[in-house]
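Q: Could you take me on a close look at the cavity in this protein and the residues around it? I would like to see how the pieces fit into one picture.

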Amino acid sequence: MISPKNLRRFFSMGALAMLLIPAAEAQVAFSLHGTLAAPTLDDANTRGGAGANLKLFLGKQFAIGAAAKYISLSYEANNSIGLQAIGSLIPVTATADYYLTSGFIRPYIGGEAGAYIQRYDLRQGTNSLYESKTTRFGAAPKVGLAIAIGNLGIFAEGNYHFIFSNKDGSPDITSSSNISFKRPQNLWSLNAGITFGFPNSN
């Protein structure tokens with residue numbers, strides 16, 4: 001896992017690169033991808049999603065941009081009474097990627113940080129008992145591999161998301177007691193997709 005110290009160093013290098021690389025070398029690219037995500041919660045299910053990323057390549061090996069994803073969530077909130085939490089997670093983040101090579105095959109490291117918008121519907125069977133919507137700050141280091149085919153890039157990457165201050169909930173759903181449920185503070189995700197406007201290989 002990439003340490004916070006190395007991440008800070010990476011983003012500092014990126015800021016310096018933005019100042020040093022001429023604007024004429026910049027290239028705009030657009031990515032679409034599918035997502036599989038699994039929260040680090042007991043009884044959590046692996047669910048799917050999709051996302052998009054607008055990137056500005058400052059040369060062939062460094063890119064900054066903005067991304068948005070939609071990830072569905074589902075887990076058993078309380079097995080004894082059949083309580084289930086169903087919802088979604090929408091990260092809207094700034095991104096930075098550093099490609100280790102500029103050839104046909106390009107491994108890369110990167111990170112993203114921004115707002116994580118979460119919606120939950122607490123259900124018992126088909127009955128909706130409680131709904132919640134929150135926005136928290138989050139960040140995700142990532143590692144990936146891209147293959148350059150002309151101006152297209154086919155890529156796969158893994159992320160580990162940290163959602164900060166994402167405390168568990170305990171809604172009043174009866175007159176006599178509360179039922180606690182968990183919100184994911186960390187989750188794994190695997191993204192795979194295609195980038196349009198990818199810089200040509202050497």
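A: Here is a walk from the cavity to some buried residues and then to a group of rings. This is a predicted model, in which local features need pLDDT of at least 70 and side-chain atom pairs count only at pLDDT 80 or more, while totals for chains, interfaces and linings use all residues. Residues are numbered from 1 along each chain as its sequence is written, and side-chain values use heavy atoms, with hydrogens and water left out.

Let's begin with the cavity itself. On a 1 Å grid over the protein atoms alone, a cavity is a set of points where a 1.4 Å probe fits but cannot get out, and lining residues have an atom within 4 Å of a point. Grid points are joined across faces, edges and corners, and a volume is the space filled by probe spheres set on the points. The whole structure holds one cavity of 30 Å³ or more, and the volume of the largest cavity is about 90 Å³. Its lining has 15 residues, of which N53, K55, K142, F155 and E157 are the closest to the centre. Strands (DSSP runs of E, at least two residues, numbered from the N terminus) feature in this lining: β1, β2, β3, β4, β5 and β7 each supply at least two residues. The largest share, three residues, comes from β4.

Next, E112 in strand β5. E112 is buried (under 20% relative accessible area, with a 1.4 Å probe and protein chains only), at a value of 3%. Its side chain makes polar contacts (N or O atoms within 3.5 Å, one able to donate a hydrogen and the other to accept it) with K69 at 2.8 Å and with N159 at 3.4 Å. Contact in general means heavy atoms within 4.5 Å; beyond four places in sequence, E112 has K142 among its contacts.

T195 is in strand β8 and is buried too, at 2%. Its side chain joins that of S31 through a polar contact of 2.6 Å, and T195 also touches F155.

Finally, the rings. Phe, Tyr and Trp (its six-membered ring) pair if their ring centres lie within 6.5 Å, with planes under 30 degrees apart counted as stacked, over 60 as edge-to-face and the rest as tilted. The whole structure has seven aromatic pairs. Y99 and Y108 have ring centres 4.8 Å apart and planes at 40°, so this pair is tilted. Both are buried, and ring pairs link them with F57 and F198 into a cluster. K55 returns here: its charged end sits over the ring of Y108, 5.9 Å from the centre (NZ of Lys or CZ of Arg within 6 Å of the ring centre and within 35 degrees of the ring normal).

Conventions: Buried means under 20% relative accessible area, exposed over 50%, partly exposed in between (1.4 Å probe, protein chains only). Helices (H or I, at least four residues) and strands (E, at least two) are DSSP runs, numbered from the N terminus. On a 1 Å grid over the protein atoms alone, a cavity is a set of points where a 1.4 Å probe fits but cannot get out, and a pocket is an open set with protein on both sides within 12 Å along at least five of seven lines; lining residues have an atom within 4 Å of a point.
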